[in-house]
Amino acid sequence: GARMINSEAMLTLGRVCVRTDLGTVSFGGTEQISHSKTQFENDFAKFTVEIKCKAKKTAYKILRIACKRDMILYDVKFCIPTPQDRTEFVFYKTFINAPAAAFVRCGERGFYTGIENPFFTACEEDGEIVISYQPSLILKAGEDYESEPQFIGEYICSGVLVSGQEALNIE
């Protein structure tokens, strides 16, 4: 059978990239994000990434920023290495074109990921699955910011085509 995908482990392998008017910060990736918390600090902010697992099914990654200086937070990217056995990548949007999740198929199994934000984007670039959103916020020195969580979980292909269009045919 196909190997299991550990959602929490997938998040620890990823990196976080934050773009502000004061510069771009990227951490994780090479130094694995710990299962509880990882911190990075520079002259304008302290960045903390926390990973939590709910009911051993879905894992969540949250970014917290403690601002030392005023800044504009342009975008936040959560990146996961693309699995070598990836066979398909689908960025699923609902019928109103709102993002729901990105699905990464690896044979008969795969994982879904996204951000609990109605305007996130998902793509593959440079060997990574990149899930991002643009808060476009002005943050003041001393202010704390908490990102919408990235989520990830495993699925098994059922062979059943799921379609929701029938519900729209209301007479």
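In this short talk I will go through the aromatic pairs, the cysteines and one nonpolar surface patch of the structure shown above. Please keep in mind throughout that this is a predicted model.

Let me begin with the aromatic side chains. A search over the whole structure returns 7 aromatic pairs, and I would like to take two of them in some detail. In one of these, the ring centres of Phe44 and Phe47 are 6.2 Å apart and the ring planes stand at 90°, so this pair is classed as edge-to-face. As for their surroundings, Phe44 and Phe47 are both buried. These two residues also belong to a wider group, since one aromatic cluster is formed by Phe27, Phe40, Phe44 and Phe47.

The other pair I have chosen is made by Tyr112 and Phe151, where the centre-to-centre distance is 6.3 Å and the angle between the planes is 45°, which makes the arrangement tilted. Tyr112 sits in strand β9, residues 109-115, while Phe151 sits in strand β14, residues 150-156, so the contact ties together parts of the chain that are 39 residues apart in sequence. The two partners fall into separate accessibility classes: Tyr112, at 21% relative accessibility, counts as partly exposed, whereas Phe151, at 12%, counts as buried. Since buried means under 20% relative accessible area, the value of 21% places Tyr112 in the partly exposed class.

I turn now to the cysteines. How many disulfides does the structure hold? The count is 0, and it is worth looking at the distances behind that number. For Cys17, the closest cysteine sulfur is that of Cys79, and at 6.3 Å it is too far away for a bond. For Cys123, the closest cysteine sulfur is again in Cys79, here at 8.5 Å, which is likewise too far for a bond. The cut-off that matters in this reasoning is 2.5 Å between the sulfur atoms. With regard to accessibility, Cys17 counts as buried at 12%, while Cys123, at 29%, counts as partly exposed.

Finally, let me move to the surface. Val90, Tyr92 and Phe103 together make a nonpolar surface patch of about 240 Å². Of these residues, Val90 is placed in strand β7, which covers residues 88-93. With a relative accessibility of 32%, Val90 counts as partly exposed, and because a residue has to be over 30% to be included in a patch, the value of 32% for Val90 meets that requirement.

Note on methods
Residues numbered from 1 in each chain as written. Predicted model: local features only at pLDDT ≥ 70, side-chain atom pairs only at ≥ 80, totals over all residues. Heavy atoms only, no water. Patch = residues over 30% accessible without salt bridge, like charges linked within 9 Å, V, L, I, M, F, W, Y side chains within 5 Å. Areas by Shrake-Rupley, 256 points an atom, 1.4 Å probe, with all protein chains shown as cover. Salt bridge = Lys/Arg side-chain N within 4 Å of Asp/Glu carboxyl O. Helix = DSSP H or I, 4+ residues; strand = E, 2+ residues; numbered from the N terminus. Buried < 20%, exposed > 50% of the residue type's maximum accessible area, 1.4 Å probe, protein only. Phe/Tyr/Trp six-rings, centres within 6.5 Å; stacked < 30°, edge-to-face > 60°.
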